[in-house]
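Notebook open, structure loaded. I'm jotting down what I look up as I go.

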Amino acid sequence: MKLVIQRVTEANVTVDGAVIGEIGRGYMVLVGIGQGDNEEIVDKYLKKLINLRIFEDENGKTNLSIQDVGGELLLISQFTLYASCKKGNRPSFTEAGAPDEAERLYDYMCEKAKETGIRVEKGSFGADMKVSLVNDGPFTVILENL
């Protein structure tokens, strides 16, 4: 599993010109599901995501979690996080999870995230999506190999 987490002041995702997910302050997260990922791995990454302390406290230190600031999540499936460019110039995606299993685990992650009490919006798995965001900082964190 790989997550690209961007702290944002706002973000949205559109499909065919219609907004299907939109948040204010929080995280826009690109979610990559790989071969061999399962619910246990999703749970581990979600726990890390929810508990990350990358919002500033009253002293300007990154010491607050998304729950501490009442933030929101926009979760976007992104199999291209598993692109391998080791050979040639055309990326290979053989390390990405099989579409059916990846979609199941993406939906699982979205549902588990909602159980934390955080407002969760999502993209559309496999769709041609347009993602817009205002990166706050900018602040971007990549989670992989946990």
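Entry 1, Thr14. I started with threonine 14, which counts as buried because its relative accessibility is 15%, and the cut-off for buried is under 20%. This is a predicted model, so I'm reading everything here as computed. Threonine 14 sits in strand S1. I then listed its contacts, skipping neighbours within four places in sequence: threonine 14 touches Val19, Ile20, Asp128, Met129 and Lys130.

Entry 2, Asp16. Next I looked at the loop between S1 and strand S2 (18-23), where aspartate 16 lies. Buried or exposed, I wondered about aspartate 16? Aspartate 16 has 79% relative accessibility, so I put it down as exposed. Its backbone caught my eye too: phi is positive, about 55 degrees, although aspartate 16 is not a glycine.

Entry 3, Asn145. I found a positive phi at asparagine 145 as well, about 55 degrees, and asparagine 145 is not a glycine either. This residue belongs to the segment after S8. Asparagine 145 comes out at 70% relative accessibility and therefore counts as exposed.

Entry 4, the cis peptide. Which two residues does a cis peptide bond join? I get glycine 137 and proline 138, with omega at about -5 degrees. Proline 138 is part of strand S8.

Entry 5, the helix pair. I describe two packed helices by the angle between their axes and the distance between the axes. For helix H1 (residues 39-51) and helix H2 (residues 99-114), I have an angle of about 40 degrees and axes 10 Å apart. H1 and H2 are therefore oblique to each other. The crossing of H1 and H2 is right-handed. On the H1 side I noted Glu39, Val42, Asp43, Leu46 and Leu49; these meet Arg104, Leu105, Tyr108, Met109, Lys112 and Ala113 in H2. I sorted the residues of this contact by type and got seven nonpolar, no polar and four charged.

Entry 6, the cores. The largest nonpolar core has 28 residues, and I wanted its best-connected members: Leu3, Ile5, Tyr27, Leu49, Leu73 and Leu75 touch the most other members. Elements giving two or more residues to this core are strand S1 (2-15), strand S3 (26-32), H1, strand S6 (72-77), H2 and strand S8 (129-144). Which element gives the most to this core? H2 does, with six residues.

I followed up on leucine 3. Not counting residues up to four places away in sequence, leucine 3 touches Val29, Leu30, Val31, Tyr45, Leu49, Met109, Val141, Ile142 and Leu143. Apart from the 28-residue core, I found another core of 11 residues, among them Val4, Val13, Val15 and Ile23.

Entry 7, Gln78. Last lookup: glutamine 78, in the loop between S6 and H2. Its relative accessibility is 24%, so I logged glutamine 78 as partly exposed. Leaving aside neighbours within four places in sequence, what is glutamine 78 in contact with? I listed Leu30, Val31 and Gly32. I also checked glutamine 78 against tyrosine 106, which is 28 residues away along the chain; their C-alpha atoms are separated by 9.9 Å.

Key: Residues numbered from 1 in each chain as written. Predicted model: local features only at pLDDT ≥ 70, side-chain atom pairs only at ≥ 80, totals over all residues. Heavy atoms only, no water. Axes fitted to C-alpha atoms, helices over the stretch in contact; angles between N-to-C directions. Helix = DSSP H or I, 4+ residues; strand = E, 2+ residues; numbered from the N terminus. Parallel < 35°, antiparallel > 145°, perpendicular 65-115°, else oblique. Left-handed = near helix turned anticlockwise from the far one by under 90°. Contact = heavy atoms within 4.5 Å. Nonpolar A, V, L, I, M, F, W, Y, C, P; charged D, E, K, R; others polar. Core = buried A, V, L, I, M, F, W, Y, C linked by side-chain atoms within 4.5 Å. Buried < 20%, exposed > 50% of the residue type's maximum accessible area, 1.4 Å probe, protein only.
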